[in-house]
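This report introduces selected local features of one structure to a reader who has not met it before. The sequence and the model are shown first.

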Amino acid sequence: RDELPRLLDDGHGVLEMPSGTGKTISLLSLIVAYQRAFPLEVTKLIYCSRTVPEIEKVVEELRKLMEFYSKQTRESNNFLALALSSRRNLCIHPEVSSLRFGKEVDGKCHSLTASYIRAQHHSNPSFPVCQFYEEFDAVGRQVPLPAGIYNLDDLKDFGRRKGWCPYYLILHANIVVYSYHYLLDPKIADLVSKELAKKSVVVFDEAHNIDNVCIDSMSVNITRRTLDHCQNNVDTLHNTIHKIKETDAAKLKEEYRRLVEGLKEANVARETDVYLSNPVLPDEILQEAVPGTIRTAEHFVGFLRRFLEYLKSRLRVQHVIQESAPQFLKDIYDKVCIDRKPLRFCAERLQSLLRTLEITDIADFSAATLISNFATLVSTYSQGFTIIIEPFEDRTPTIANPVLHFSCMDPSIAIKPVFQRFQSVIITSGTLSPLDIYPRILDFHPVTMASFTMTLARTCLCPLIVGRGNDQVALSSKFETREDFAVIRNYGNLLMEMSAIVPDGIVAFFTSYVYMENIVASWYEQGILENIQRNKLIFIETQDAAETSMALEKYQEACENGRGAILLSVARGKVSEGIDFVHHFGRAVIMFGVPYVYTQSRILKARLEYLRDQFQIRENDFLTFDAMRHAAQCVGRAIRGKTDYGLMIFADKRYARADKRGKLPRWIQEHITDGSLNLTVDEAVQLSKHFLRQMAQPFRQEDQLGLSLLTLEQLESEEMLQKIAQVAHQT
Amino acid sequence: VHFLFSFRAMASLSEEVLLVVKKVRQRKQDGTLYLMAERIAWGPEGKDRFTVSHLYADIRCQKISPDGKAKVQLQLVLHSGESTTFHFANESTALKDREAAKELLQQLLPKFKKKANKELEEKNRMLQEDPVLFQLYKDLVVSQVISAEEFWANRLGGVTNTDPAQYKYKQEVGISGAFLADIRPQTDGCNGLRYNLTADIIESIFRTYPAVKQKYNENVPHNLTEKEFWTRFFQSHYFHRDRINTGTQDIFSECAKQDEKGLKSMVVQGVKNPLVDLLSLEDKTLDEGYGVCGAQPSTSNSNRTVKESSNYAIIKRFNHHSAMVLAAGSRKGETSSTDGNSRDSDFFQPPVKKVKLQEEYEDLQQENRPKTVPLNLKKSDRYAHGPVPLQSQQYTTSQDIINSVNYIQHEMANYKPNLTQVLSSTVATSAISALSPGGVLMQAGAQQAINQMVPSEVQGELKHLYVAAGELLRHFWSCFPVNTPFLEEKVIKMKSNLERFQLTKLRPFQEKIQRQYLSTNLTGHLEEMLQTAYNKFHIWQTRRMMRKT
């Protein structure tokens, strides 16, 4: 994989490699080798991945790599690499860490470590503080973390041994591994990633959804409930100010003085107090003093009130409204005389106020924070955002449930600073096809784009496109036929037949929750599920994450003990995004239908329009691209490496079309033969039987030697080097 | 008087009579049934002896005729497989008589079951667990080729040698996932449904839904009869899981609530494996309210339509059902989760997670095994077949060999090809083509797999024959060398057994395949094996005769 060195010198790249083929390790080893050879060129590697287990896996790979280095060079190296995560995953305080939700943990932590709390503790030792943080502050701050590889649990372990808080044990590492929100979400990036040097290499792994992450981090939804909460918050603020004014007016004056002088920076040195951060990107933040109208605390609270009332009035609509940010600003100026400039400072001003008032339960103020973040965002960006106010949900037009969506339509806004700041950014995943669309929607110019396939000693994946039922009814999830009983019955037949021949686990994905619920109900009525139960247990994903986790664990248990199970799941759901079905946990994946996004959503429509106008991407192209990347993501869950094997069944005749098929990753595409394009259920069953029987034969090291496994001699041989060069040339 | 006398005679054996039922027919003969302390007996009317008498310990189970049948019957099935049927013939009280006998037996049999012959039970278990053995037993013992003692003679030895603990912790049988589907309701023709419940299904229901079992224990038989209970169960909305609003009068509405609670507690417990915990999977700090589709309103129950929530209920029930079935299968032994994976005890890394994280391809590891020398065979078929024993009859002396070599040499020296009488080339080609695969002469010899030519039931039968023959031959050959009188006796008996087998089993089979025109000689090998045994026997016998004379 000789694309990388070019990349590391200058520029960005997009790489697609099937999972389980050593994508992580080859990236890591190359970059680390580069780092060792040119320590001044590349100072740091920032490796971003999606889920916590994936992050931890990366660190384990890194550990292996480092062990190999020290074995080969016979000297210990002074590399420091660590995984970073939220307080929830790192906290070792017995009371705080027992909390289940990240927000609670953050809030509780703040209430134990904020500077004024600690000051109070100083005067009154019975006041509770976090002993781990105290210990760290007293002793650990000067002592650097010894070189080595630290996973999340290692960090916790280290913290426990020393009695230090691991969350604050940050960070002068050569390699940092964390979730990509930490780099993309300006609210967090400002805290965590501010001091990263320019000469860093950034890797986004599992980045097929990176555009959505970018968009999510910049979008805000406001409901009536949010506004009510915010109202309470504002009242609390008002009362607190009132109280403080009587007891400690000097504090408020001091704050005012600072704001006049624009001395915000001088104050933020205390790390534990920086709980909230500006929602907009660093280069958009104005470097000037807070405007006079919101400088005093009362004025600011009044300002918030006014803004809140305005939002309330906007939510009292009877029909859908869509407008741009400038339109919104004009309207707000016309109606309640709020200027753009104070709005831009809203988030910052609220932070300052909360700090001054020494509010401990920051988590309670999430609504006020949300509103002020919205104010700042809407007044900062005039391009790439849209405001949609919907008075009710489309499905339930009688129930009023107004929502204001402030939604980002341009993923390149959030990721732009990353591309600008770091010398090379690598975007990689198992499913990035078609590759050329990512640079377009993320607006950057890659030096390299490549899609690698697997070199397999045996064809361990078997993609089949089932387009017809045994009665020749065309199978499709498209809108016109989705209620058709014949299609539903044939889908049921397919699952039933498969449940009889596939060993252990089968995962079936549907296009949406609603669709799945309907199909499950009619399968139940037709007695199909009963017949499936004769072969395997059935578990079904629900919208409740905890319930699904349980179902998932039971599913794995059933696969483990030999009973076999079927998991019915949803594309774009949590399961399809983060859970791998290695080996017997997924011997077959069935994709019922093409997982198009719900196209009637106004936000999506706005985004499609934007994409068409700004990037010249046709709606249909983007929708198909989006559907196919999710389909590939779903079926790709089953194959996690060359020793794994599995069936991939695409149950929709539309997959056979060249425009759909061509958007699948190359490593799947090259195994789709012309003969498997429009199969009936029976034909698919026959092919599957054959495939499974073949795959179940023992697979030994000797079979792979020279193909997918090379000895050192083979690797160095002239012939093999040529072969590799040839393959690289093709890509 | 006569009867009383005989009765007294029996009583003198100090047997307590627990129940006497008159007018019980057995094999169309009227008589009286006695249930005594240790056995059940029946004597024909007017006779002073019992023609039927079974120890309770010998009885495996009792069966009764279904209600509503004209004949009121009770059947006893013995461990040996035989059965005896009693017909209660007293018109007015037949049913009551039968019930009384049944009740009493029900109490008595379990007591004796425990006492029952350990060995018998052991044999029974072996037969039940090993279908091949059972078939063999049927083939050899039931058809009286060999006696039961002979059959078991060297089998039980093996049993006692193996670790008995292995059998004590027998693997528990799980529950079929589709047991509810197996209760196929049948219309009974007059606007009603009939459900067939077997003991297995009831057991499955109880194990899967403990709440139903609890209800059963509470209500049966005080409030409801068994039948009523199940009738209500099937009528209940609980059984029809797609309806959500269970009425309050329904005794099963509580079950539904309990299930709900169980499911909730399972969910609240969370998962042990952090890799599947969707809640902690993502490391993002986006609060509620941020993101494109942050407000996901359809989860709230308030604005779901009726259809949606019923669909949701189905899904939930399926998850619950599968989880319960799974749990019932593995209830014993591993429910206590002591692996320390829970979140509050994370003082050490959960082993599951660690293993998963450090997973590695085996083939990338260096081999540390000591180097072995590969076996290098020059003639692998010699290795595979082993040395062939010399047979006495065909033994050739070295003189013979030398003579024959000389002879061949002599012949060869004088050989002159007679080229005028050789085949012409055209004839030769046709001969070759006829003899090559697919040719006229090669059709019969074409290697066609046996499984394609022979119907599967014949194959099955052949398989049974092989197993049985193998068993008999094993007995036979195990007698050699014959060095004790016992073995002598046995070998003779086994030979006759073999002959009987050939006569009663093999011959009919051969005739059958002949009738079906299956040309191939399927039984050739079997016969050959038997013939080898006979040969051996004859050699042994002639030797013995010679020694005697």
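## A strand and a helix residue in chain A

In this predicted model, A:Leu45 has A:Val201 as its bridge partner in E6(A). The pairing of strand E2 (residues 44–49) with strand E6 (residues 200–204) of chain A is parallel and comprises five bridges. E2(A) is also joined by five bridges to strand E5 (residues 175–179) of chain A, and these two strands likewise run parallel. In that pairing, the bridge partner of A:Cys48 in E5(A) is A:Tyr178.

The two pairings of E2(A) are set out below.

| Partner strand of E2(A) | Sense | Bridges | Bridge partners |
|---|---|---|---|
| E6(A), residues 200–204 | parallel | five | A:Leu45 and A:Val201 |
| E5(A), residues 175–179 | parallel | five | A:Cys48 and A:Tyr178 |

Strand E2 of chain A is mostly covered, with six of its six residues buried. In a regular strand, side chains alternate between the two faces of the sheet. In E2(A), A:Lys44, A:Ile46 and A:Cys48 point one way, while A:Leu45, A:Tyr47 and A:Ser49 point the other way; all are buried.

A second site of interest is A:Ile371, which lies in helix H20 (residues 366–380) of chain A. A:Ile371 has a relative accessible area of 0% and therefore counts as buried, the cut-off being under 20%. Leaving aside residues up to four places away in sequence, A:Ile371 touches A:Ile222, A:Leu227, A:Cys230, A:Phe307, A:Leu308 and A:Leu311. From C-alpha to C-alpha, A:Ile371 and A:Val220 are 8.8 Å apart in space, although 151 residues separate them in sequence.

Technical notes
Residues are numbered from 1 along each chain as its sequence is written. Chains are lettered from A and ligands numbered from 1 in the order in which they are written. This is a predicted model: local features need pLDDT of at least 70, side-chain atom pairs count only at pLDDT 80 or more; totals for chains, interfaces and linings use all residues. Side-chain values use heavy atoms; hydrogens and water are left out. Helices (H or I, at least four residues) and strands (E, at least two) are DSSP runs, numbered from the N terminus. Buried means under 20% relative accessible area, exposed over 50%, partly exposed in between (1.4 Å probe, protein chains only). Contact means heavy atoms within 4.5 Å. Two strands pair if DSSP finds at least two bridges between them.
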